[in-house]
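Hi everyone, thanks for coming. Please take a look at the sequence and the model on the screen, and then we'll walk through a few parts of it together.

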Amino acid sequence: MKSAYEVAMERAERIYADDEGDNSLEIRENLKKVMAPFFKGDMDPEGLWHELKDEDEAVLVEAQLMLIESIGLRNSSEQIERRKEAVVAVESLKDTENSSFFEKSFTQAQSLQQQYQTQKNKLDQQVQQHLDNSQAQGLSAQAAANGGQEQGMNGQMRQQLAKKLSEFQKSYNQRFDKLIEKMKAELK
């Protein structure tokens, strides 16, 4: 009878093993040296292509996964574009090329990121207006004797803004995560 540890280790080996028996975690560890200059901005997508041109399919897929997983809503449009170019460059090295899918998906990611930034800026302006109004009301509240009532309204408004911001973040994160998962699924 096998211990729980042995069963877990066998399951992990099955999950992370590819056709040649390479472990994706080991592949990623080796790729860090190749990918680091790209992520630091010291290498362009073409340079990454040259670094990976002699690698097998499993390494290429892991490199693409690392690139896809590195994008998020907080990335600039330029950072997303750079990763798109790198994913497409690596895709061109594979036997079954699907560059158009990744180009479309990254374009959607850029669009979503831009929508997020626009909406975030609007929310930030609303918060700033609220803070400015609160300060003005706070001064008049001190001059008048009924400041407690106005302060309560400010607290309620703060809660509403915090809730709105939280829902906004959650909505865009879900949409972006769904897009990332779709791209990752295409690689498997």
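Let me begin with a question: which residues in α3 meet which residues in α5? Before I answer, please keep in mind that this is a predicted model.

On the α3 side we have Pro-45, Leu-48, Trp-49 and Leu-52. Their partners in α5 are Arg-82, Glu-85, Ala-86, Ala-89 and Val-90. Sorted by character, the residues of this contact come out as 7 nonpolar and 2 charged, with no polar ones.

Now, how do those two helices sit relative to each other? Helix α3 covers residues 45–52 and helix α5 covers residues 77–91. Their axes come within 9 Å and cross at roughly 30°. Angles under 35 degrees count as roughly parallel, and α3 and α5 are therefore roughly parallel to each other. If you rotate the model, you can also follow the handedness: α3 passes α5 in a right-handed crossing.

Let's step back to the whole chain for a moment. The secondary structure comes to 7 helices and 0 strands, so to speak a run of α-α-α-α-α-α-α when you read along the sequence. The protein chain has 188 residues, and 34% of them count as buried. Here is another number for the chain: take the contacts between residues at least 6 apart in sequence, and 71% of them join residues at least 24 apart.

Next, the aromatic rings. A pair of aromatic rings is described by two things, the distance of the centres and the angle of the planes. In this model the count comes to 5 aromatic pairs, and I'd like to show you two of them.

One is Phe-101 with Phe-102, an edge-to-face pair, with 5.1 Å centre to centre and 80° between the planes. Both Phe-101 and Phe-102 are buried.

The other is Tyr-116 with Phe-168, and this pair is stacked: 5.3 Å centre to centre, with 10° between the planes. Where do these two residues lie? Tyr-116 is in helix α6, residues 99–143, while Phe-168 is in helix α7, residues 147–187, so the pair ties together parts that are 52 residues apart in sequence. Are Tyr-116 and Phe-168 buried or exposed? Both are buried. And there is a third member to look for: ring pairs link Tyr-116, Phe-168 and Tyr-172 into a cluster.

That's my tour, and I'm happy to go back to any part of the model with you.

Notes: Residues are numbered from 1 along each chain as its sequence is written. This is a predicted model: local features need pLDDT of at least 70, side-chain atom pairs count only at pLDDT 80 or more; totals for chains, interfaces and linings use all residues. Side-chain values use heavy atoms; hydrogens and water are left out. Axes are lines fitted to C-alpha atoms, for helices over the stretch in contact, and angles run from 0 to 180 degrees between N-to-C directions. Helices (H or I, at least four residues) and strands (E, at least two) are DSSP runs, numbered from the N terminus. Angles under 35 degrees count as roughly parallel, over 145 as roughly antiparallel, 65 to 115 as roughly perpendicular and the rest as oblique. A crossing is left-handed if the near helix is turned anticlockwise from the far one by less than a right angle, and right-handed if clockwise. Contact means heavy atoms within 4.5 Å. Ala, Val, Leu, Ile, Met, Phe, Trp, Tyr, Cys and Pro count as nonpolar, Asp, Glu, Lys and Arg as charged, and the others, Gly among them, as polar. Rings of Phe, Tyr and Trp (its six-membered ring) pair if their centres lie within 6.5 Å; planes under 30 degrees apart count as stacked, over 60 as edge-to-face and the rest as tilted. Buried means under 20% relative accessible area, exposed over 50%, partly exposed in between (1.4 Å probe, protein chains only).
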